[in-house]
Amino acid sequence: MPELAEVDYYRKQWNAGLEERVSQVLVHPAARIFRDTPAAAMVQGLPGRRFLASRAHGKQMMFEFSDGAWLGLHLGMSGELTTAPPDHVPAKHEHLVIVLESQSLVFSDYRMFGKATLEITDDGQAPLWWRALAPQPFERGFTKRRVHEFVQRFPKTPIKTLLLDQRGFPGIGNWMADEICWQLKIAPQNTAGSLESTQREAVWKMTRRVSREALRVIGTDWGDLPDSWLMNHRWRDGGICPRRGCKSELVREDLRGRTTCWCPRCQG
Ligand SMILES: [Zn+2]
């Protein structure tokens with residue numbers, strides 16, 4: 001599932017079409033990604049407008065078109081953004097294709113947990129919900145105090161589960177939450193309320209560090225994170241803890257509905 005760095009990577013793929021005008025929009029009208037805005041509204045509302053800007057915020061993306069049209073996209077579990085030639089014929093899972101002058105912007109999503117919305121505003125501003133999103137971990141508004149307060153609001157929630165809460169940690173997903181816990185040597189199932197104040201501060205710091213590094217490495221050109229991180233070892237059963245001097249076998253178990261990987265020795 002795309003997290004903040006993967007989302008930013010996909011967002012930038014569409015930048016190849018910046019400044020171009022929309023000639024037509026091709027859709028699979030029954031696709032579940034149109035559950036909030038009907039596909040017909042996109043087909044009618046976008047042609048003639050120019051593609052002006054793209055932004056990512058956590059797991060959300062916003063594409064601005066001229067005259068106040070805002071296309072919001074969420075990649076869900078399996079969404080991907082690519083570009084194709086202007087005469088591209090949409091494949092089975094390519095539910096939204098925006099045809100520009102020299103290329104097409106393609107949103108594919110085979111599991112359809114993703115979502116596309118279109119809103120027209122007349123004040124030149126992005127829709128209200130977008131402006132109300134919580135600060136991202138690498139932004140100034142993501143303060144130590146904010147994290148302290150958020151953690152204290154949910155004392156019974158496992159810390160790993162809390163890190164997935166987009167109201168507090170926008171853009172953090174499954175692998176990043178596991179990475180943060182592992183880097184800090186905190187067991188993922190420890191409740192938020194069990195963290196001491198120094199640990200809460202460490203969670204704030206590490207969330208920023210992991211986010212920045214992921215954005216730099218994955219968000220730029222989908223590079224590989226260092227082998228000394230949990231990231232490259234967490235995907236299969238039988239992985240070995242990469243921490244120097246540990247070498248314990250990693251555990252993978254369900255925690256509140258999400259596969260969670262941790263080292264029983266380092267994070268005991
Ligand atoms: Zn270990």
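## A tour from the β9–β10 loop to the domain contact

Select R256 to begin: it sits in the loop that joins β9 to β10 (258-262). The model is predicted, and residue numbers count from 1 along each chain. R256 has 12 C-beta neighbours inside 10 Å and therefore counts as exposed, the limit for that class being 12 or fewer. Check the backbone of R256 as well: its phi is near 50°, a positive value in a residue other than glycine. Most residues other than glycine have a negative phi.

Go next to W222, in the loop between α7 and β9 (251-255). Here too phi is positive in a residue other than glycine, with a value near 55°. W222 is exposed, and 11 other C-beta atoms lie within 10 Å.

From W222, select helix α7 (residues 197-221) together with helix α1 (residues 4-13). Two packed helices are described by the angle between their axes and the distance between the axes. For α1 and α7 the angle is about 35° and the axes are 8 Å apart. The crossing of α1 past α7 is right-handed. To display the contact, pick L4, A5, E6, D8 and Y9 on α1, then S211, A214, L215, I218 and G219 on α7. Sorted by class, the residues of this contact are 6 nonpolar, 2 polar and 2 charged.

Keep α1 selected and look at its surroundings. Is this helix enclosed or open? Of its 10 residues, 8 are buried, so α1 is largely enclosed by the rest of the structure. The buried residues are L4, A5, E6, V7, D8, Y9, Y10 and R11. To see what covers them, show β2 (51-57), β3 (60-65), β5 (79-84) and α7, which are included in the cover.

Now hide α1 and add helix α6 (residues 174-184) to α7. These two helices pack at an angle of about 125°, with axes 10 Å apart. That angle makes α6 oblique to α7. Their crossing is right-handed. On the α6 side, select M176, E179, I180, Q183 and L184; on the α7 side, select A202, V203, M206, T207, V210 and A214. By class this contact has 8 nonpolar, 2 polar and 1 charged residues. A214 of α7 also belongs to the contact with α1.

Next, colour the chain by domain. The domain assignment gives domain 1 as 4-131 and domain 2 as 144-262. Their C-alpha centres lie 30 Å apart. The contact between them takes 8 residues from domain 1 and 9 residues from domain 2. Which element gives the most to the side of domain 1 that touches domain 2? It is α1, with 5 residues. That side of domain 1 has 3 nonpolar, 2 polar and 3 charged residues.

The last stop is L133, in the loop between α3 (128-131) and α4 (144-153). L133 is partly exposed, with 17 other C-beta atoms within 10 Å; 20 or more would make it buried. Leaving aside neighbours within four places in sequence, select its contacts: H57, G58, Q60 and P170. To link this stop to α1, draw a C-alpha to C-alpha distance from L133 to R11: the two are 17 Å apart in space and 122 residues apart in sequence. R11 is one of the buried residues of α1.

Note on methods: This is a predicted model: local features need pLDDT of at least 70, side-chain atom pairs count only at pLDDT 80 or more; totals for chains, interfaces and linings use all residues. Helices (H or I, at least four residues) and strands (E, at least two) are DSSP runs, numbered from the N terminus. Two residues are in contact if their C-beta atoms, placed from the backbone, lie within 7 Å. Axes are lines fitted to C-alpha atoms, for helices over the stretch in contact, and angles run from 0 to 180 degrees between N-to-C directions. A crossing is left-handed if the near helix is turned anticlockwise from the far one by less than a right angle, and right-handed if clockwise. Ala, Val, Leu, Ile, Met, Phe, Trp, Tyr, Cys and Pro count as nonpolar, Asp, Glu, Lys and Arg as charged, and the others, Gly among them, as polar. Domain bounds come from an automatic or database domain assignment. Angles under 35 degrees count as roughly parallel, over 145 as roughly antiparallel, 65 to 115 as roughly perpendicular and the rest as oblique.
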